[in-house]
Amino acid sequence: MGNMTGLQQIGLASAGSGAVSSAVSGFGQYESGQQQKEAYDYNASMTLQQMQEQMQTTEANYSTLIGKQASAYARAGVDVASGSPLLVMAHTAAQGGVQQESEYQAGTEEAALQKYYGKVAAFNGTVGGISTFISGLSKAALSAASIMGPGSGSNVPTSLIGW
């Protein structure tokens, strides 16, 4: 480096600065992807929690409905331990189970989708970060090679520099 001009030294410093900048930018993209993944994972957790709460609410509502049905039959003097009243209450309980299963399926599918989106965001951030870093490094290397010129002992093919 002792026989380089001041402009060459400034140019090489600029190329080095560009390489560092690309590393910082690439890391920023990676971090952004990780933060998006964390947000999606949080959304998935909240979806599962809401699903569980909804299932508990549905269970309570159907239990209350069955209790009201039993009370209404009992007030009318109907035996609730057999026959049509028992079938009606069993059907109501089955409807509650179907409703809870539907809520479970919807909640777990939504949570799985949120987790998938998180994995995609993290992957995109990683790939984007690596791509930005490599692109910045190659631009810095080409810039340095063009500053040094073909007679500098550089082994960079001139076709890469644009000569």
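The overall architecture of the protein is described below, followed by selected residues of its helices. The model is predicted. Its secondary structure consists of three helices and zero strands, arranged along the sequence in the pattern α-α-α. Of the 163 residues, 22% count as buried. The accessible surface amounts to about 10500 Å², and carbon and sulfur atoms contribute 59% of this area. Among contacts with a sequence separation of 6 or more, 73% are between residues 24 or more positions apart.

Two residues of helix α1 were examined individually. This helix spans residues 6-75 and includes Thr58. Thr58 has a relative accessibility of 5% and therefore counts as buried, since the term applies under 20% relative accessible area. When neighbours within four places in sequence are set aside, the contacts of Thr58 are with Gly96, Gln99, Gln100 and Glu103.

Ser14 is also located in helix α1. With a relative accessibility of 48%, Ser14 is classed as partly exposed, because this class lies between the 20% limit for buried residues and the 50% limit for exposed ones. Ser14 is separated from Ala144 by 130 residues in sequence, while the C-alpha to C-alpha distance between Ser14 and Ala144 is 8.9 Å.

On the protein surface, Leu113, Tyr116, Tyr117 and Val120 make up a nonpolar patch of about 350 Å². One of these residues, Tyr116, belongs to helix α2, which covers residues 83-148.

Technical notes
Residues numbered from 1 in each chain as written. Predicted model: local features only at pLDDT ≥ 70, side-chain atom pairs only at ≥ 80, totals over all residues. Heavy atoms only, no water. Patch = residues over 30% accessible without salt bridge, like charges linked within 9 Å, V, L, I, M, F, W, Y side chains within 5 Å. Areas by Shrake-Rupley, 256 points an atom, 1.4 Å probe, with all protein chains shown as cover. Salt bridge = Lys/Arg side-chain N within 4 Å of Asp/Glu carboxyl O. Helix = DSSP H or I, 4+ residues; strand = E, 2+ residues; numbered from the N terminus. Buried < 20%, exposed > 50% of the residue type's maximum accessible area, 1.4 Å probe, protein only. Contact = heavy atoms within 4.5 Å.
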